[in-house]
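Work through the exercises below with the sequence and the model side by side, trying each task before reading its solution.

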Amino acid sequence: MKTGIVIVGHGSRTKESKGIYEEIARITSEKSDLDVQVGYMKHGRPTLIEAVEGFIEKNVKKIIIVPLFLLPGLHVKEDIPILLGMKEGLTPEFGYDKVNVPDDVEIIYAKHIGADERLADVVIDRIEEVNK
């Protein structure tokens, strides 16, 4: 069964932010040999829903949603599950509706990034870059 991965990002209006999630998706795809796409909550396209619908249109039957968020805030705990039909609640007002998932498509919601030890290595790298 073909699996699609959607990395969910918040998005941003700043031009400096453009392309960062896409670069993470590209690297993830290369390292995993999976089809990885980005879906934005706000301030970016495709939206989370557009990314999921894109996989559904390609007849992908298993879609794993990975929220690229450090904290388990409202997007992680409420908005994403509601938009995916995994939780009851009012649809967030982001300018798009919930996704309509066919019965033969499995949506799996992965854990947010959280306090992963590997992030400390990145922090140390950033410290070393400026502390010369």
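**Exercise 1.** Find what share of the contacts with a separation of 6 or more joins residues 24 or more positions apart.

*Solution.* Begin with the term: a contact means heavy atoms within 4.5 Å. Among the contacts in the chain with a separation of 6 or more, 66% are between residues 24 or more positions apart. The model is a predicted one, in which local features need pLDDT of at least 70 and side-chain atom pairs count only at pLDDT 80 or more, while totals for chains, interfaces and linings use all residues. Residues are numbered from 1 along each chain as its sequence is written, and side-chain values use heavy atoms, with hydrogens and water left out.

**Exercise 2.** Work out which pattern of helices and strands the chain follows along the sequence.

*Solution.* Take helices (H or I, at least four residues) and strands (E, at least two) as DSSP runs, numbered from the N terminus. The chain holds four helices and four strands, and reading along the sequence gives β-α-β-α-β-α-β-α.

**Exercise 3.** Identify the residues of the largest nonpolar core that touch the most other members, and the elements that supply this core.

*Solution.* A nonpolar core is a set of buried Ala, Val, Leu, Ile, Met, Phe, Trp, Tyr and Cys residues joined through side-chain atoms within 4.5 Å, where buried means under 20% relative accessible area with a 1.4 Å probe, protein chains only. The largest nonpolar core has 22 residues, and Val6, Met41, Leu48, Val52, Ile63 and Ile65 touch the most other members. At least two residues of this core come from each of β1 (3-9), α2 (48-57), β3 (62-67) and α3 (74-83), with the largest share, six residues, from α2. Apart from this core lies another of seven residues, including Ile5 and Val38.

**Exercise 4.** Describe the lining of the largest pocket.

*Solution.* On a 1 Å grid over the protein atoms alone, a pocket is an open set of points where a 1.4 Å probe fits, with protein on both sides within 12 Å along at least five of seven lines, and lining residues have an atom within 4 Å of a point. The largest pocket is lined by 16 residues, and Ile24, Thr28, Leu68, Ile113 and Leu119 lie nearest its centre. Both α1 (20-32) and α4 (117-130) supply at least two residues of this lining.

How values were computed:
Buried means under 20% relative accessible area, exposed over 50%, partly exposed in between (1.4 Å probe, protein chains only).
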